[in-house]
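Please work through the exercises below with the sequence and the model open beside you. Try each task before reading its solution.

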Amino acid sequence: MSTYDRSMALTGQPPVMLSRNQKIATLVGMFGLAVILLAAFNINFPNKSLWLTISLVSIIGGAVWYSWDAYMHKAPGIKNDGVWFKSLSNQGFWGWIAGIALTGFYIILYFYPEYLGLVAKGDNKGVIGLFDPLSKALSGNPASQWFVYGTLYTVAILAFGIKFLWKYRHNRYERIRTFSVMFFQTAFAFIIPELMARLNGSSLLNGGSLPYYDLKNMWPLNYYNFEGYRIKGFLSSGDIGFAMLIFGIATIFIISPILTYKFGKRWYCSWVCGCGGLAETAGDPFRHLSDKTVKAWNIERWVIHSVVVFVTLMTTAVIYSYLGNDTSKYWLTKSSFLIGVAVLLTTVFAWVMLFKREQFKKDAIYGAIGYFVIIIALIGFHFYSGDGNVFLFKSGTLRKSYSFLIGSIFSGVIGTGFYPVLGNRVWCRFGCPMAAILGFQQRLFSKFRITTNGGQCISCGNCSTYCEMGIDVRAYAQKGENIVRSSCVGCGICSAVCPRGVLKLENGPLKGRIDSNQVLLGNDVDLMKLVNQK
Amino acid sequence: MENIVIIGNGIAGVTAARHIRKLSDKRIIIISAETDYFFSRTALMYVYMGHMKFEHIQPYENWFWEKNGIELVRGYVTQVDTPNKQVLVDGSRAFHYDKLIIATGSKPNKFGWPGQDLHGVQGLYSKQDLDLLEINAPNKEACKRAVIVGGGLIGIELAEMLRSRDIPVTFLVRETSFWNGVLPEGESQLINEHIREHHIDLQLATNLVEIIPDENGKVKAVTTDKGDTIACDMVGLTAGVTPNIDFLKASGIELGRGVKVNRYLETNVADVYAIGDCAEQHEAIGNRRPIEAVWYTGRMMGETVAQTICGNRIEYRPGHWFNSAKFLDIEYQTYGWVFGERGKKEFEQHFHWRDDKENLCVTIAFHKETKLFLGINTFGIRMRHEIFDRWLTEQRDVEYVMEHLADANFDPEFYADYEHKIVSKFNSDFGKSIKSKKKSIKRIFQIS
Ligand SMILES: Cc1cc2nc3c(=O)[nH]c(=O)nc-3n(C[C@H](O)[C@H](O)[C@H](O)COP(=O)(O)OP(=O)(O)OC[C@H]3O[C@@H](n4cnc5c(N)ncnc54)[C@H](O)[C@@H]3O)c2cc1C
Ligand code: SF4
Ligand code: SF4
């Protein structure tokens, strides 16, 4: 027997139509996109600065007008009416169309930038040409496909950020967090690196030139940060360059563990990160599409941890391949580097097994597998690698396949292109090695948890449905357990949508953070002791 | 191996089954008529509003039951044959039981209004009611106005549902102010205003007289005791619920309004238990009602009866009362006892605070003489269950509660705090000079 809700299809449809203002606003936004599309077909706009301005203003204006009309006439509160009735947000026809369009855009962006008008020598044409004036104004250089992408990305975060701010205007956690991602995207990811490019060749950098560096983007999300050409760039750029290299290493080994300990991985994933920023703003209408099944959770754990192993090996191999065997080039040699990596991993592994075994439980086996794959590979590097070769591959090949498979296909084409089909955090959940590493810390060594409010849960399922990471929040809440999951990005939406005030994201003592006991309040105290006996 | 048969796959029956499974390997069969799988009744509204699909309000994936050895049978129990320890499903299939748990929940009240069985008239309790609502009120074109009769928690949910599809709603409430049988004056007033903010035509102190059909036997209008005739396409009857126990009349099991049980949740017949909405205590426990038709008590009774059935006979001893609801955009929580005008004890004194701008208010009940803290209602502010449970157990007085109110706040991070406003109102009302203490993680989590 099927519990499929047929009534939806049989009878009259609930209202999902757009209001007149919303329709006009959509048209305005579409007009802005059309300008860009026309440019892509090599329509040459006479005054590029003007048309680019018109286009970007229409896109932002359209989105902002739409949001105003959608939210500001209503009382503040949860605005999920009709989410599952709209074909854009219920994996219906428009959802698929949007998914296909976005995916197509990513494929062209990553693999066929010439169609966007990229010209290697000489003036850019098409879309990229349209963005030249803005790029020159910022960095002094002509635009590239990445500049176009960066601009549109920032525009999306700002426009849909405003939408999100209005949608959740009753919730200060959501508002402050959204200001934060809007700020980090605009300043750190977009403007600062472009301005930094102006310094290149200046005496401040001893005449060197810095690699393009979004300072908040740390390894392993920024998997190329320690590649040879970048290290050369950093080291050639005087004290500033050196400081940035040190900062790059410190972010992953010192700064992020401390912040994650204090606040959980949310400080990065939903307050700072650009991928998270896009997911939380432009991706917000699709957050409920994430798969909540236990099966999806199992797949998630295998895939994401494989990516961690992959990126660790790849980075080690890349660094290994440009290090020398003596200390003349870099003070670090090939073998001392490998030993260093092995010692670090062993320390982490041993520490976890000694002190955190209890909490690790079943996952220990995944950890152990990952650990041993890496160690054996390291030994392999050492014995079977020649110059430029790692194992049987060229380190360049390993790097290229990572960049293709993970950097482009996974994070871009699938991760963002499939927002309307798989939900807005597919990349963050299944692919991001940074999220996996922060998640590991969050699970084992952090004060962060989502506290369940005693016995107040009515098992309604809003929290699970709107969890973009596919966490079955209700499964914990209805048993009175706290939610301590490595994948939780701390977006706070589960807490916002809960109609009974059951969930609170907070930082508290480590003791009692994960109760695997059922601690439902409300019933007989002695009985609860019995229930909790294992 | 013992056969445990449970009638009803609601929160009560399913909780009992889960806990029996944890404690034993007895054979467990759940027989239920409404749906194949357990779903959260409290979330029905969100399906109509498009927040969730029906599958999302099922707390367990479909494989869960087989994996845990809980057998599900879809069917209606027509007869319980206690001498032979059998239940009869749909008049034909018989199941033998060693222990029987009755967890059949409630059904909506109908008070014999003329026209109450017309097309377009319905309650809101079951999955079938939800499906029916899709037919009676799919959108504002098919349903130009709906009238809701009965001002309780389900009535206001139904109003919110219909408003989410822009359907005009008239809300007839018998009381002079919304839910004031339960809520103190000020709170009830806040909700009256909020209902009207949502463009719901709230008619207080108004009773339904008659539902008038058109020529096809479908509702056309209602008349009220104020002499009004209101044209409408749908009537929602939400005037409370009664235990769903008619099928037990000939079973020999003692019935009152519900299935009569003792503190062990046992009925007068050996090996037959009743839990959840359909159970009626011989004597009310503390301030509770003999029939407690809420989600949480169904769950607690399920936990309790599982112990008894697995050999550890134990009384149903619910802890401090708590509950929660949401009135449109305003969340409501309660811990301990705060009574409205009707139920207020003579020693019960109230302190009430309402924010001058936002939809927030708090009422605290305490003992006139001893100042013992009795309970709190909050609107628009979330509170920490564990803290109030602790304070009630420790028998704190109202001044202690005022001083430490910040510890009890459960709003998301960065929310404005209202403790100083609340405390200064308390100070001026009662001539005190209490200073509210800053929130302390140490106190909240009891770490030294
Ligand atoms: C719209 C709505 C909103 C609510 N919101 C809240 C809330 O926010 N908070 C709260 O605390 N409570 C709320 N309640 C009340 C709460 O849902 C009930 O108290 C709770 O569901 C009762 O659970 P139960 O297991 O006792 O019975 P039920 O959930 O009613 O389950 C009983 C099941 O048994 C089946 N059954 C009955 N008779 C037979 C038979 N003879 N043979 C076979 N099967 C049978 C029924 O079809 C039903 O499926 C709400 C109720 C409704 C209707
Ligand atoms: S569990 Fe809650 S806070 Fe964490 S990712 Fe899911 S919705 Fe966001
Ligand atoms: S949203 Fe709240 S009440 Fe609903 S299942 Fe989640 S925690 Fe429970």
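The exercises that follow concern a predicted model, and each solution goes step by step.

**Exercise 1. Describe chain A as a whole: which elements does chain A have, and what percentage of its residues is buried?**

Step one is to look at the secondary structure, where chain A shows 23 helices and 4 strands. Step two turns to burial: of the 534 residues in chain A, 56% are buried. Step three considers the contacts in chain A with a separation of 6 or more, of which 73% are between residues 24 or more positions apart. Step four deals with the surface, since chain A exposes about 23,300 Å², with carbon and sulfur atoms supplying 69% of that area.

**Exercise 2. Decide whether A:K167 is buried or exposed, and find which residues are in contact with it.**

First, locate the residue: A:K167 belongs to helix 6 of chain A, which covers residues 145-167. Next, compare its relative accessible area of 9% with the cut-off, under which a residue below 20% counts as buried; A:K167 is therefore buried. Then list its contacts, leaving aside neighbours within four places in sequence: these are A:Y71, A:G77, A:K79, A:N80 and A:D284. Finally, take one of these partners, A:N80, which is 87 residues from A:K167 along the chain, while the C-alpha atoms of the two are separated by 9.6 Å.

**Exercise 3. Characterise the second largest cavity by its volume and the residues of its lining.**

Begin with the setting, in which the structure holds 7 cavities of 30 Å³ or more. The second largest cavity contains about 100 Å³ of space. It is lined by 13 residues, and those closest to its centre are A:I450, A:C467, A:C488, A:C491 and A:C494. Sorting the lining by character gives 11 nonpolar residues, 2 polar ones and no charged ones.

**Exercise 4. Classify the aromatic pair of B:F366 and B:F426, and explain which parts of chain B the pair ties together.**

As background, there are 56 aromatic pairs over all chains. For the pair in question, the centres of B:F366 and B:F426 are 6.4 Å apart and the planes make an angle of 65 degrees, an edge-to-face arrangement. B:F366 sits in strand 24 (residues 361-367) and B:F426 in helix 11 (residues 419-430) of chain B, so the pair ties together parts that are 60 residues apart in sequence. As a last step, check the burial of the two residues: both B:F366 and B:F426 are buried.

**Exercise 5. Name the residues of a cluster in chain A that is linked by ring pairs.**

Following the ring pairs from one residue to the next gives a cluster made up of A:F105, A:Y106, A:Y110, A:F111, A:W146, A:Y149, A:Y153 and A:F404.

Technical notes:
Residues are numbered from 1 along each chain as its sequence is written. Chains are lettered from A and ligands numbered from 1 in the order in which they are written. This is a predicted model: local features need pLDDT of at least 70, side-chain atom pairs count only at pLDDT 80 or more; totals for chains, interfaces and linings use all residues. Side-chain values use heavy atoms; hydrogens and water are left out. Helices (H or I, at least four residues) and strands (E, at least two) are DSSP runs, numbered from the N terminus. Buried means under 20% relative accessible area, exposed over 50%, partly exposed in between (1.4 Å probe, protein chains only). Contact means heavy atoms within 4.5 Å. Accessible areas come from the Shrake-Rupley method with a 1.4 Å probe; for residues, only the protein chains shown count as cover. On a 1 Å grid over the protein atoms alone, a cavity is a set of points where a 1.4 Å probe fits but cannot get out, and a pocket is an open set with protein on both sides within 12 Å along at least five of seven lines; lining residues have an atom within 4 Å of a point. Grid points are joined across faces, edges and corners, and a volume is the space filled by probe spheres set on the points. Ala, Val, Leu, Ile, Met, Phe, Trp, Tyr, Cys and Pro count as nonpolar, Asp, Glu, Lys and Arg as charged, and the others, Gly among them, as polar. Rings of Phe, Tyr and Trp (its six-membered ring) pair if their centres lie within 6.5 Å; planes under 30 degrees apart count as stacked, over 60 as edge-to-face and the rest as tilted.
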